[in-house]
Amino acid sequence: MQIRSPGRGDALVIVDVQNDFLPGGTLAVRDGDAVIPPLNEAIRAFSGADLPIFATRDWHPPDHCSFVEQGGPWPSHCVAETPGAAFPGALKLSTSAIVVSKADAPDSEAYSGFSGTDLSDRLAGVKRVFVGGLATDYCVLNTVLDARSVGLDVVVLEDAVRSVEVEAGDGVRAIARMRTAGARFTSVRTALGKE
C-alpha cells in the first residue's frame with residue numbers, strides 16, 4: 001500500500017543524531033553521518049508544511065548507569081552539556097523543532113524517546129510519525145515500538161537510519177521487529193513524493 005506524503009496529523013521524529021554517535025564520537029555508529037542529508041531533506045519538507053518536528057537526544061549525567069565505568073555496556077557518551085551530546089552542525093534542525101531529552105537520570109536507561117519523557121503528550125493530535133536517526137537496533141527500534149504501542153502509525157525512513165551492529169544482523173532483526181509491530185518503511189524522497 002502506498003504511503004501518502006506528510007500532511008496534517010503527521011510529525012517528524014529524529015532520534016539521537018548526536019556527535020558521539022557519529023564517526024569520531026565515543027560511541028560511533030558506522031556511517032552514522034549518512035543519515036544527515038536525507039533527514040535535512042525531511043526537515044525542509046516538514047518545516048515548509050508547518051508540521052511538527054521532534055529531536056530526541058541522550059542527555060546523560062557523567063555517572064550514567066549505561067556507562068562501562070558504572071557497570072553498563074557502553075562507553076561514556078552524550079554527557080549533558082558536552083560537545084559529544086550536541087546535535088551536529090550539519091543537521092539543519094529548524095528553530096521550531098522540539099528537543100526531547102532522555103536518560104537524564106543516573107539510574108535509568110532510556111532507549112526510547114518515549115521513556116521517561118513527555119513525548120507522548122507533546123504528540124497530542126498527531127496520528128502518524130515519520131522516524132529516522134540512530135541507531136536502528138537500539139533507540140530507533142525502541143522509539144518505533146513505543147510509538148506503535150500508543151497507537152501511532154509509524155513510517156521509518158529507511159535511508160535515514162543506521163545500526164550499531166553489536167552483533168552481526170542486529171539491524172536486520174530490528175527492522176523485522178518494527179515491521180512485525182506494524183511500522184512501514186520507505187525512503188525520504190519516496191515519502192515526500194519526489195520518486
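Radius of gyration here is taken over C-alpha atoms, and the globule rule to hold it against is 2.2 Å times the number of residues to the power 0.38. For 195 residues, a compact globule would come out near 16 Å, and our protein has 16 Å, so the two agree. Put a box around the C-alpha atoms along the principal axes and you get roughly 45 × 35 × 30 Å.

Before I go on, some housekeeping. This is a predicted model, where local features need pLDDT of at least 70 and side-chain atom pairs count only at pLDDT 80 or more, while totals for chains, interfaces and linings use all residues. Numbering starts from 1 along each chain as its sequence is written, and side-chain values use heavy atoms, with hydrogens and water left out.

Okay, the fold. We have five helices and six strands, where helices are DSSP runs of H or I with at least four residues, strands are runs of E with at least two, and both are numbered from the N terminus. Reading along the sequence, the order is β-α-β-β-α-β-α-β-α-β-α. Take contact as heavy atoms within 4.5 Å: among contacts with a separation of 6 or more, 76% are between residues 24 or more positions apart. As for burial, 51% of the 195 residues count as buried; that's under 20% relative accessible area with a 1.4 Å probe and protein chains only, with exposed being over 50% and partly exposed in between.

Now have a look at α3, residues 136-149. How many of its 14 residues are buried? Ten, written 10 of 14, so to speak mostly covered. Among them are T136, D137, Y138, C139 and V140. What do they pack against? The partners are β1, β3, β4, β5 (153-162) and α4 (170-180).

Both ends of that helix have something to show. Just ahead of it, A135 sits in the loop between β4 (128-134) and α3, and the peptide bond joining L134 and A135 is cis, with omega about -10°. After the helix comes G151, with a positive phi near 90°.

Two other residues have positive phi without being glycine. D31 is one, with phi near 60°; you'll find D31 in the loop between β1 (10-15) and α1 (36-48), partly exposed at 44% relative accessible area. C78 is another, at about 50°, in the loop between β2 (53-58) and β3 (98-102).

C78 brings me to the cysteines. The search of the whole structure gives zero disulfides, a disulfide being a pair of cysteine sulfur atoms within 2.5 Å. Why no bond for C78? Because the closest cysteine sulfur, in C139, is 8.9 Å away, which is too far. C78 is buried at 0% relative accessible area, and C139 also counts as buried, at 5%.

C139 turns up again at the cavity. Rolling a probe the size of a water molecule over the atoms shows where empty space is left. On a 1 Å grid over the protein atoms alone, a cavity is a set of points where a 1.4 Å probe fits but cannot get out, and lining residues have an atom within 4 Å of a point. Points are joined across faces, edges and corners, and volume is the space filled by probe spheres set on them. The search finds one cavity of 30 Å³ or more, with about 140 Å³ of space in the largest. Its lining has 14 residues, with F21, L27, Y111, Y138 and C139 nearest the centre. They divide into 10 nonpolar, two polar and two charged, where Ala, Val, Leu, Ile, Met, Phe, Trp, Tyr, Cys and Pro count as nonpolar, Asp, Glu, Lys and Arg as charged, and the others, Gly among them, as polar.

How values were computed
On a 1 Å grid over the protein atoms alone, a cavity is a set of points where a 1.4 Å probe fits but cannot get out, and a pocket is an open set with protein on both sides within 12 Å along at least five of seven lines; lining residues have an atom within 4 Å of a point.
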